[in-house]
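Reader: I have some labels to query. Please set each one against its cut-off.

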Amino acid sequence: MTENSKRLLVLSEEDEQTILQHMKEFRGVGTTLESALGALILGQYFGWRVLKLLHNPATYRIYEKVLGIEFKNVCPEITELGRKKSIGYAITEKLGSFWAVVMGKRKVADKGKIDNQSEVERHVADHVAGMDKEEKK
C-alpha cells in the first residue's frame, strides 16, 4: 500500500473483480455492504489487526463474505498509521496479547478508538496504570 498511497485502495485485478461481482450480486441490508466496504478501506490503511479489534469475529466474517475476500489477503497485517492511531492495537502491543484482547479474554476500554499518537500513548499509559492498581489489590 505504501508504494502507491495516492490510490484509495490497492487491490489486484482479481480481488477488485471479486469485490465488484459480490457488490452486483449483493442482497440484503445496504448498510451491511456499506460497512463492509468501509472496513476494507480501513483495513488497507490501518491493517487487518485493527479491523479485528474494531469488529467482533462474526461481523468480521460477515464483511469478508459480503465482499468475497479475506481481509488478511488484501490488507497489510498492521501499518504505521495503525501503530500510531489505534488505541487498541497500541495496548495489545504493550500487553503482548493481541489475540487475548480480540477474543475478549483481556478487556480493553476504547480498543476501537482511533486518535492521534499522543492520545494513543496517554490511553496506553492509563491502561497500564489501571492494570497495576488491579494487580496490587
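Author: In this predicted model, Thr92 is found in helix α7, residues 87–95.

Reader: Why is Thr92 called buried?

Author: Its relative accessibility is 2%. Buried means under 20%, so Thr92 counts as buried.

Reader: What makes the pairing of Thr92 with the backbone oxygen of Tyr89 a polar contact?

Author: A polar atom of the Thr92 side chain lies 2.7 Å from that oxygen. The limit is 3.5 Å, so the distance fits a polar contact. Leaving aside neighbours within four places in sequence, Thr92 is also in contact with Leu53, Ser97, Phe98 and Val101.

Reader: Why is the pair of Trp48 and Trp99 called tilted?

Author: The count of aromatic pairs comes to four. In the pair of Trp48 and Trp99, the ring centres are 6.3 Å apart and the planes stand at 35 degrees. Centres within 6.5 Å make a pair, and planes under 30 degrees apart would be stacked, over 60 edge-to-face. An angle of 35 degrees falls under neither, so the pair is tilted.

Reader: What does the pair of Trp48 and Trp99 tie together?

Author: Trp48 lies in helix α3 (residues 48–54) and Trp99 in helix α8, so the pair ties together parts 51 residues apart in sequence. Ring pairs link Trp48, Tyr89, Phe98 and Trp99 into a cluster.

Reader: How do you know whether Trp48 and Trp99 are buried or partly exposed?

Author: Trp48 has 8% relative accessibility, so it counts as buried. Trp99 has 39%. Partly exposed runs between 20% and 50%, so Trp99 counts as partly exposed.

Reader: What makes Arg49 count as a charge over the ring of Phe98?

Author: Arg49 lies over the face of Phe98, at 4.2 Å from the ring centre; the limit is 6 Å. Lys52 lies over the face of Tyr60, at 4.0 Å from the ring centre.

Reader: How do you know which side of α4 the buried residues are on?

Author: In α4 (residues 57–67), Thr59, Tyr60, Tyr63, Glu64, Val66 and Leu67 are buried. They cover an arc of only 160 degrees around the axis, so they are on the same side of α4. The face turned away from that buried side carries the exposed residues Arg61 and Lys65.

Reader: What do the buried residues of α4 pack against?

Author: They pack against α1 (13–25), α2 (30–46), α3 and α5 (71–74). At the start of α4, a side-chain oxygen of Asn56 reaches to within 3.0 Å of the backbone nitrogen of Ala58.

Methods
Residues are numbered from 1 along each chain as its sequence is written. This is a predicted model: local features need pLDDT of at least 70, side-chain atom pairs count only at pLDDT 80 or more; totals for chains, interfaces and linings use all residues. Side-chain values use heavy atoms; hydrogens and water are left out. Helices (H or I, at least four residues) and strands (E, at least two) are DSSP runs, numbered from the N terminus. Buried means under 20% relative accessible area, exposed over 50%, partly exposed in between (1.4 Å probe, protein chains only). A polar contact is a pair of N or O atoms within 3.5 Å; within protein, one must be able to donate a hydrogen and the other to accept it, and residues adjacent in sequence count only if both atoms are side-chain atoms. Contact means heavy atoms within 4.5 Å. Rings of Phe, Tyr and Trp (its six-membered ring) pair if their centres lie within 6.5 Å; planes under 30 degrees apart count as stacked, over 60 as edge-to-face and the rest as tilted. A charge sits over a ring if NZ of Lys or CZ of Arg is within 6 Å of the ring centre and within 35 degrees of the ring normal. The arc is that of the directions from the helix axis to the C-beta atoms.
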